[in-house]
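Student: Could you take me through one part of this model up close? I'd like to see how a pair of packed helices is described, and then how that sits in the rest of the chain.

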Amino acid sequence: MWLKEPFHWQLGWLLPLDCFRLHRVNMRGIKKSSYICCASYHSKLSLCQQKDFLDAVWSSHVQPGDSCIDATCGKGRDSLRIAKLVGPKGFLLACDIQTYAIYQTEALLRSEIDPSQYPRVEFVCNSHEFLSKYVKDNSIRLISYNLGYLPNGDRQIRTTARTTTNSLESLLPKLCHSGIISLVCYVGHPGGLEERSEVLNYVAKLPKDTWSVTYHEWYLSIPFNLYSRIDYMSHSL
Ligand SMILES: C[S@@+](CC[C@H](N)C(=O)[O-])C[C@H]1O[C@@H](n2cnc3c(N)ncnc32)[C@H](O)[C@@H]1O
């Protein structure tokens, strides 16, 4: 079955993945002020397309000087993208439950970002369930969750339905107006389907006058015009 494509498993990737998007709307539901995003891609689509997809969503919302959270920093690739978006006046809070992941993320940021462009970065080695205590106010523009386990790492150390929904619950109030939360769920490993299902249940129960949620899923297994997809998403906001 396509869920277990050998090539992707050799690479250590957890496929397929799903993303969603939630929007926070104002009381009259006319102007959207913030949202959460999740997405999904078919296992036969290349990873660069998934990366491009998130890049397009993030870069249309995150501005230089913003404060953002990478709630599962892993090897640091998402943190690197976020750090480049927020720039030297911005702030990145990078979290992972594994010390090794924190080291990897810090090393990647140091090697890839010119010191003059380096944002203020704080690393937290803890479960993202406890991240809210590191954020004083509702100033966060983007919170990224790239769920599952560390590629090529210990697959037993992975996010779960409980830890993810606990973390969401505590961090939702920290999002600023026009902020986004981006969740990428993988369902090809034990607990992945349950985690996606719990996340969907959780976001479906958010108050409709305050939040709007979009679930994105790739249907095509061949390359297509990604940016028309992004335009479609923007119009749906
Ligand atoms: C798919 S990887 C993240 C990939 C990463 N964003 C990147 O760009 O390389 C998932 C990460 O979640 C971390 N993780 C698992 N449970 C966690 C938890 N409760 N709190 C924070 N991080 C957790 C794992 O250690 C792993 O590094």
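**A close look at a helix pair**

Tutor: Sure, starting with the overall inventory: seven helices and eight strands make up the secondary structure of the protein. Keep in mind that this is a predicted model. Its mean pLDDT is 76, with 69% of the residues at 70 or more. Residues 39-47 have pLDDT below 50, and in the model that stretch makes 34 contacts beyond near neighbours in sequence. Residues 220-237 also fall below 50, with 16 contacts of that kind. As for the chain as a whole, 42% of its 237 residues are buried. Of the contacts with a separation of 6 or more, 75% are between residues 24 or more positions apart.

Now for the part to zoom in on, helix α3, which covers residues 77-86. How many of the 10 residues in α3 are buried? Seven are, so the helix is mostly covered, given that a residue counts as buried with 20 or more other C-beta atoms within 10 Å. The buried ones are D78, S79, L80, I82, A83, L85 and V86. Right after the helix ends, G87 has a positive phi of about 70°.

What does α3 pack against? One partner is helix α4, residues 99-112. Two packed helices are described by the angle between their axes and the distance between the axes. For this pair, the axes come within 9 Å and cross at roughly 45°. That angle is why α3 counts as oblique to α4, and the crossing is right-handed.

Down at residue level, α3 brings S79, L80 and A83 to the contact, and α4 brings T105, L108, L109 and E112. Sorted by class, that gives four nonpolar residues, two polar and one charged. The α3 side ties back to the burial list, since S79, L80 and A83 are each on it. The spacing fits a general point about helices: an α-helix has 3.6 residues a turn, so residues three or four places apart point the same way.

For a second pair to hold beside that one, take helix α5 (residues 161-171) and helix α6 (residues 192-204). Their axes are 9 Å apart and the packing angle is about 30°. That angle is under 35 degrees, so α5 is roughly parallel to α6. Here too the crossing is right-handed. From α5, the residues in the contact are A161, T164, T165 and L168; from α6, they are E194, E195, E198, V199 and Y202. By class they split into four nonpolar, two polar and three charged.

Leading up to α6 is a loop that follows β7, and V187 sits in it. Buried or exposed, which is V187? It counts as buried because it has 20 C-beta neighbours inside 10 Å. The C-alpha atoms of V187 and S197 are 9.6 Å apart, with their positions 10 residues apart along the chain.

Step back into the strand itself and there's V184, part of β7, which spans residues 175-186. V184 has 24 other C-beta atoms within 10 Å, so it is buried as well. Its C-alpha lies 6.1 Å from that of Y145, although the two are 39 residues apart in sequence.

How values were computed: Residues numbered from 1 in each chain as written. Predicted model: local features only at pLDDT ≥ 70, side-chain atom pairs only at ≥ 80, totals over all residues. Helix = DSSP H or I, 4+ residues; strand = E, 2+ residues; numbered from the N terminus. Buried ≥ 20, exposed ≤ 12 C-beta atoms within 10 Å, placed from the backbone. pLDDT = per-residue confidence, 0-100. Contact = placed C-beta atoms within 7 Å. Axes fitted to C-alpha atoms, helices over the stretch in contact; angles between N-to-C directions. Parallel < 35°, antiparallel > 145°, perpendicular 65-115°, else oblique. Left-handed = near helix turned anticlockwise from the far one by under 90°. Nonpolar A, V, L, I, M, F, W, Y, C, P; charged D, E, K, R; others polar.
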